[in-house]
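Subject: Structure for your review

Dear colleague,

Please find below the structure I am handing over to you, with its sequence. A short account of the findings comes after it.

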Amino acid sequence: MASIGAGPKVPQSKARARRDGAAIPLDESDKRLMNLLQSSFPLDAEPFALIASEAEMELDDVLARTRRLLDERIVREITPIFDTRALGYESMLVAAKVDAEHPQRAAAIVNSHPGVSHNYLRTHDFNLWFTIATPPDSELGLAGTLDVLMRETGAESMRQLPTLTLFKINMNLEMEKGTDALAAAVDVAPPRELEAQPYDDRDVEVIRALQGPMDAVERPYDAAAAELGIPTAELLEHLRGMVDRKLLRRVAAILFHRRAGFSANGMGVWMVPEAEIMETGRRMASFRGISHCYQRPTYEDWPYSVFTMAHGRSKEECDEILDSIAEECGIGPGDRATLYSSTEYKKIRLRYFTDDYREWEEAHPR
C-alpha cells in the first residue's frame with residue numbers, strides 16, 4: 001500500500017446536507033421508550049410487553065409508538081448486534097486521503113463493498129473515514145481488499161487503524177437527559193476480548209435467520225424461529241448462549257442520529273503515553289456521551305493512540321463531552337484533536353455469512 005506520510009495540505013471538502021434530515025419533535029414517552037429500546041431490548045418471547053412494563057406504558061401504545069418511530073425514520077431498525085471479530089471477520093477503521101474536490105466518487109467505490117458499514121467525510125487531510133470487514137473465507141483478505149480500494153479510488157494514501165484494545169462500543173444515545181448527563185462518567189464494563197470465538201453451523205443458521213431489521217410486533221422472534229423450524233423458546237436459549245460465548249452483544253434499536261436530535265458527532269483523538277493507555281482508555285470509556293473508545297496504532301504523522309466517538313445535539317455539546325474527558329484525564333489542547341463528520345456516505349448493520357462478499361471480490365480482482 002502507498003505511503004501514509006502527511007504530504008502537502010489539501011483543501012477541505014465542503015459539507016453537504018445529510019440525507020436523514022432534521023430532528024423530529026419527540027415527547028417524553030417517545031424518549032423514554034427510545035432509551036429502553038436501545039439499552040434493554042430483552043431476549044424474551046414477548047419483549048415489548050417487558051419494555052411496556054418498565055416504561056409504565058400500555059403495550060399497544062409501545063407497539064404503536066415503535067412503529068411510528070420506525071416509519072418516520074427516527075429509529076433505523078431493531079436488530080441483533082453480533083460481534084464481528086468474534087465471528088472471525090477481519091475489520092478495521094481506515095483513514096483515506098482522497099480527492100477533496102470530488103470525494104463522493106471515492107466514497108461510492110468504497111461503499112460498494114458489503115463489509116463497509118460506516119463511511120464519513122471528516123474535517124482532516126485524511127478526509128474519508130470508513131470501517132470495513134472481510135469474512136473468514138475471503139480470498140483477498142482485508143489487506144488485499146484495501147489494495148483494490150486504494151487502486152480504484154485513486155486515494156493518495158490510506159492509513160490502517162485496526163483496534164488494538166476495545167474499551168467500549170455501545171451506540172446508545174441518551175434521549176431523556178441533557179448535556180450534564182452526557183458529559184458525566186458512569187460505570188463501564190472492562191475491555192472486551194477481540195479474538196475469534198468458536199462457533200458452529202447452527203450458530204451460522206441462527207445468524208442468517210435473525211440478522212437484519214426485526215418487526216415491531218408482540219412476538220418478534222417468532223419469525224426467525226419458524227424459519228429455523230424450532231420453538232421460539234429454543235431460539236432464545238440459543239441466543240443467550242451466544243451472548244455468553246461473546247458472539248452476540250445484544251439486541252437493540254439503532255437510531256437515525258439527526259432525526260433523533262443528535263446532529264453532531266465528533267471523533268476525539270488523544271495522545272496518551274503507552275504506559276497510561278489502559279487506565280486512560282478505561283476512564284474515557286466511562287463517559288455517557290462516548291459510544292466508542294479504542295486504542296489504535298500511531299504513526300510518525302499521527303500520534304493519537306486513543307479514539308473516542310462523542311455524540312451530541314450540537315457541536316457545542318460534543319465539545320463539552322470531550323472537554324470533560326480532557327479535564328478528567330489531564331490532557332492539554334496540544335495533545336488532542338477533534339474530527340467532525342460533514343457528510344455521512346454510508347451507515348448500515350453488517351450482514352454476515354452472505355454471498356455478497358464473494359460476488360464483490362469476483363467483480364474486483366486484485
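The following paragraphs describe the salt bridges and one cavity.

Please note that this is a predicted model.

Salt bridges

The model holds 19 salt bridges. Side chains of opposite charge can pair when their charged atoms come close. Three of the pairs are described here.

The side chains of R65 and D30 form a salt bridge, with 2.7 Å from N to O. Because R65 belongs to helix 3 (residues 59-71) and D30 to helix 1 (residues 28-39), this pair ties together parts that are 35 residues apart in sequence. With a relative accessibility of 15%, R65 counts as buried, since the cut-off for a buried residue is under 20%. D30 is likewise buried, at 2% relative accessibility. Both residues also belong to a network of salt bridges that links D27, D30, D61, R65, R68 and E72.

A further salt bridge joins the side chains of D83 and R249, at 3.3 Å from N to O. This pair links distant parts of the chain, 166 residues apart: D83 sits in the loop between strand 1 (75-82) and strand 2 (90-97), and R249 in strand 7 (residues 248-255). D83 is buried, as its relative accessible area is 2%, whereas R249, with 22%, is partly exposed.

In another pair, the side chains of D203 and R245 meet in a salt bridge of 2.8 Å, N to O. D203 is part of helix 7 (residues 201-210), while R245 is in the loop between helix 9 (232-244) and strand 7, so the salt bridge ties together parts that are 42 residues apart in sequence. The acidic partner, D203, has a relative accessibility of 1% and counts as buried. R245 has a relative accessible area of 31% and is therefore partly exposed.

Cavities

Rolling a probe the size of a water molecule over the atoms shows where empty space is left. The structure contains 3 cavities of 30 Å³ or more. The second largest cavity has a volume of about 50 Å³. Its lining is made up of T79, P80, F82, Q211, G212, R349, L350, R351 and Y352. Sorted by class, the residues lining this second largest cavity are 4 nonpolar, 3 polar and 2 charged. The charged ones are R349 and R351.

Yours sincerely

Note on methods: Residues are numbered from 1 along each chain as its sequence is written. This is a predicted model: local features need pLDDT of at least 70, side-chain atom pairs count only at pLDDT 80 or more; totals for chains, interfaces and linings use all residues. Side-chain values use heavy atoms; hydrogens and water are left out. On a 1 Å grid over the protein atoms alone, a cavity is a set of points where a 1.4 Å probe fits but cannot get out, and a pocket is an open set with protein on both sides within 12 Å along at least five of seven lines; lining residues have an atom within 4 Å of a point. Grid points are joined across faces, edges and corners, and a volume is the space filled by probe spheres set on the points. A salt bridge is a side-chain nitrogen of Lys or Arg within 4 Å of a carboxyl oxygen of Asp or Glu. Helices (H or I, at least four residues) and strands (E, at least two) are DSSP runs, numbered from the N terminus. Buried means under 20% relative accessible area, exposed over 50%, partly exposed in between (1.4 Å probe, protein chains only).
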